[in-house]
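Subject: Structure for you to look at

Hello,

Here is the structure I promised to pass on. Please open it first, then read my notes beside it.

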Amino acid sequence: MVGKWVFLVFGLVALAGALISAYRTQTFLRTCMTVQGRIAGFKPVHSLRHNGTSYAPVFRFDVPGTHFATVVSHTSSNPPAFKVGERVTVRYPAGHPERAVIDSFGQLWLMDWAVGSFGALFFAIGLVTLIFGWRRGRRDLPSPNPDSEAGIVRR
């Protein structure tokens with residue numbers, strides 16, 4: 001019984017988190033600056049949990065009227081998702097080039113999509129088990145005797 005509610009609540013929390021994160025990403029995309037940049041290299045990211053290494057792209061772009069900025073992405077992959085020298089579209093909040101991200105599905109939306117998908121799956125599992133448990137509980141109830149409702153007594 002508790003497992004149904006755990007799946008349901010965890011699913012709702014994950015879905016809510018994914019929706020909030022997607023809203024923030026959408027707001028970021030509506031208000032940010034867009035420039036072209038290039039992949040300058042990769043920074044190895046070591047994971048003790050997965051006992052492996054992934055690679056975060058290091059990208060460089062021109063901040064109009066000031067300087068070049070070099071940023072390490074917060075998202076890494078193995079194998080690397082880009083090639084050194086590849087041109088990429090970069091988005092960043094005005095005045096904050098250090099918070100730049102590469103404009104790609106993996107860099108912008110993958111985490112929102114993954115958390116939302118798992119949240120939907122967990123919510124669906126919790127909901128289905130809850131509904132089937134409720135229906136099974138209703139079937140186990142004794143059905144009323146139709147004669148007793150009408151006041152008819154049989155001998």
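Which residues does Phe-7 touch, not counting residues up to four places away in sequence? The contacts of Phe-7 are Phe-122, Phe-123, Ile-125 and Gly-126. Keep in mind that this is a predicted model.

**Around Phe-7**

Find Phe-7 in helix 1. Is Phe-7 buried, partly exposed or exposed? Its relative accessible area is 30%, so Phe-7 counts as partly exposed. Gly-119 lies 112 residues away from Phe-7 along the chain, yet their C-alpha atoms are separated by 8.9 Å. Phe-7 also belongs to a cluster in which ring pairs link it with Phe-10 and Phe-122. The structure holds four aromatic pairs.

Now look at Trp-5, which also lies in helix 1. Trp-5 has 40% relative accessibility, so this residue is partly exposed. Its C-alpha atom is separated by 9.3 Å from that of Thr-129. Along the chain, Trp-5 and Thr-129 are 124 residues apart.

**The whole chain**

Step back for the overall layout. There are four helices and five strands. Read from the N terminus, the order is α-β-β-β-β-β-α-α-α. The chain has 155 residues, and 25% of them count as buried. Its exposed surface is about 11,100 Å². Carbon and sulfur atoms supply 63% of that surface.

Contacts across the sequence are worth a look too. Take those between residues at least 6 apart in sequence. Of these contacts, 60% join residues at least 24 apart.

**The cores**

Next, the largest nonpolar core. It has 13 residues. Which of them touch the most other members? They are Phe-59, Phe-61, Val-90 and Ala-100. Four elements give two or more residues to this core: strand 1 (33–47), strand 2 (52–63), strand 3 (67–72) and strand 4 (87–92).

Pick out Ala-100 and check its contacts. Leaving aside neighbours within four places in sequence, Ala-100 is in contact with Phe-59, Phe-61 and Val-90. Its list also includes Val-71, Arg-91 and Tyr-92. Another core, of five residues, lies apart from the largest one. Among its members are Phe-28, Leu-29, Val-101 and Leu-108.

**Lys-43**

Go to strand 1 and find Lys-43. Its relative accessibility is 45%, which means that Lys-43 counts as partly exposed. Which residues does Lys-43 touch, not counting those up to four places away in sequence? The answer is Ser-54, Tyr-55, Ala-56, Val-58 and Val-72. Lys-43 and Ser-76 are 33 residues apart in sequence. In space, they are 8.6 Å apart, C-alpha to C-alpha.

**The largest pocket**

How much space lies in the largest pocket? About 660 Å³. It is lined by 26 residues. Closest to its centre are His-74, Thr-75, Gln-107, Leu-108 and Met-111. Two or more lining residues come from each of helix 1 (2–31), strand 3, helix 2 (105–108) and helix 3 (110–139). You have already met Leu-108, one of the residues in the five-residue core.

**A cis bond**

Last, look at the loop between strand 3 and strand 4, where you will find Pro-79. The peptide bond from Asn-78 to Pro-79 is cis. Its omega is near 5 degrees.

Best wishes

Notes:
Residues numbered from 1 in each chain as written. Predicted model: local features only at pLDDT ≥ 70, side-chain atom pairs only at ≥ 80, totals over all residues. Heavy atoms only, no water. Buried < 20%, exposed > 50% of the residue type's maximum accessible area, 1.4 Å probe, protein only. Contact = heavy atoms within 4.5 Å. Areas by Shrake-Rupley, 256 points an atom, 1.4 Å probe, with all protein chains shown as cover. Core = buried A, V, L, I, M, F, W, Y, C linked by side-chain atoms within 4.5 Å. Phe/Tyr/Trp six-rings, centres within 6.5 Å; stacked < 30°, edge-to-face > 60°. 1 Å grid on protein atoms, 1.4 Å probe; cavity = no way out; pocket = protein on both sides within 12 Å on 5 of 7 lines; lining within 4 Å. Points joined across faces, edges and corners; volume = space filled by probe spheres on them.
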